[in-house]
Amino acid sequence: MNERATWRLLPEATFDGAFNMALDEAVLEAVGAGESPPTMRFYRWGPPCLSIGYSQKIASFDRQALSDHGWHLVRRPSGGRAVLHRDEVTYSIAAPAEDWRLAGGVLESYRRISGAFLHGLEGLGVCLTDEAEGDSAGPRSAACFDAPSRHELTANGRKLVGSAQWRHGAGVLQHGSVPLSGDVAEVVGYLALSESDRERARALLRRRAATVEQALGTKPGFTEVANAIAQGLSALLAVDWVPGEPTPKELARAAQLRSTRYGTDAWNFRL
């Protein structure tokens, strides 16, 4: 039987995209080095930000459209495709690679975490399914939510939670987003497509993705959804939460990573 563990739960916070990615990596480094306990945090983005996957081509995106809105772009250390972060709950989990919750590779750990998310969000009344096989049928765009991957959650066949994982050194980082409300196809306006292709992509994305408000029929608050997810992880992954704060070392490292990597054109526009 897997024993319960105590994990740190950081307070909800809002940062710009570059600092959000920098803090995720700083916490991952501290956790992997054994300097900090396994950690989860829930956060917002201010201003709104388009995050793109580690290997995505910058030419796939309309940087001028983002700039016109005063919104940011950041390249994640993890893979996957683009996510427009506005009205959503974003989460990150950092834990040692040897922890049984993250062991067994990407798909196996995805399965465990998805099961915990499913349990938590169903507590809000959302009817969810774990996409055991994933959907590879039909065209796909540079946007994350246009089709579920294996062990991502869907509501009535529409993707509700998008996640990506990065295994680095002795640690594992998984972060992702749960859109609360709004138009799931808004991200298409920031893809480098012709207007006709954008219209097709919008229609496709609206069929393939959903917000919590659409799945539930009412919009829960950020804290309500974050608490439900934390409760799901506690119940299914045997985690006891202890509220904590980022350490001074983590914050200093995050500031360094922001200035040397995630806040730079050399990183964000490198491909």
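R198 sits in helix α4, which covers residues 195–208. The model here is a predicted one, and in it this arginine turns out to be tucked away. Buried or exposed, where does R198 fall at 12% relative accessibility? R198 counts as buried, because the cut-off for that label is anything under 20%. As for its company, R198 is in contact with D62, V188, G189, L191 and L193, once neighbours within four places in sequence are left aside.

Next comes the nonpolar core. The largest one has 32 residues, and M40, F42, F117, L128, I229 and L233 are the members that touch the most others in it. Quite a few elements chip in with two or more residues: β1 (5–9), β3 (39–45), β7 (88–96), α3 (106–122), β9 (153–155), β12 (171–179) and α6 (222–236). Of these, α6 hands over the largest share, 6 residues. F42 gives a good idea of what life in this core looks like. Not counting residues up to four places away in sequence, F42 touches L9, P11, E12, A13, V89, T90, Y91, F222, A226, I229 and A230. Apart from this core lies another one, made of 21 residues, with F19, Y43, W45 and W267 among them.

Strand β7 deserves a look of its own. Of its 9 residues, 8 are buried, so β7 is largely enclosed by the rest of the structure. Which strands does β7 pair with? One is β3, joined to β7 in the antiparallel sense over 5 bridges; here M40 has I93 of β7 as its bridge partner. Another is β12, which also runs antiparallel to β7 and is joined to it by 9 bridges. In that pairing, Y91 is matched with G176 in β12. As a reminder of what holds such pairs together, strands of a sheet pair through backbone hydrogen bonds, either parallel or antiparallel.

There is also an open sheet of 3 strands, laid out in the order β5-β4-β6, with mixed pairing. Which strands stand at the edges of this sheet? They are β5 (72–75) and β6 (83–85); each has a single partner strand, so one side of each is left without a neighbour in the sheet. On average, neighbouring strands here are turned by 25° against each other, direction ignored. Strand β4, residues 49–52, pairs with β5 in the parallel sense over 4 bridges, and one of the matches puts C49 opposite H72 in β5.

C49 leads on to the cysteines. With a relative accessible area of 0%, C49 is buried. C127 is another story: it counts as exposed because its relative accessibility is 56%, and the cut-off for exposed is over 50%. How many disulfides does the model hold? The count comes to 0, taking a disulfide as a pair of cysteine sulfur atoms within 2.5 Å.

Last up is helix α7, residues 248–262. Its 15 residues reach 19 Å from the first C-alpha to the last, close to the 21 Å expected at 1.5 Å a residue. Which residues of α7 are buried? They are E250, A254, L257 and Y262. The cover over these buried residues includes β1, α1 (17–32), β5 and α8 (265–268). Strand β5 thus turns up in two places, as an edge strand of the open sheet and as part of what covers α7.

How values were computed:
Residues are numbered from 1 along each chain as its sequence is written. This is a predicted model: local features need pLDDT of at least 70, side-chain atom pairs count only at pLDDT 80 or more; totals for chains, interfaces and linings use all residues. Side-chain values use heavy atoms; hydrogens and water are left out. A nonpolar core is a set of buried Ala, Val, Leu, Ile, Met, Phe, Trp, Tyr and Cys residues joined through side-chain atoms within 4.5 Å. Buried means under 20% relative accessible area, exposed over 50%, partly exposed in between (1.4 Å probe, protein chains only). Contact means heavy atoms within 4.5 Å. Two strands pair if DSSP finds at least two bridges between them. Axes are lines fitted to C-alpha atoms, for helices over the stretch in contact, and angles run from 0 to 180 degrees between N-to-C directions. The expected span of a helix is 1.5 Å times one less than its number of residues.
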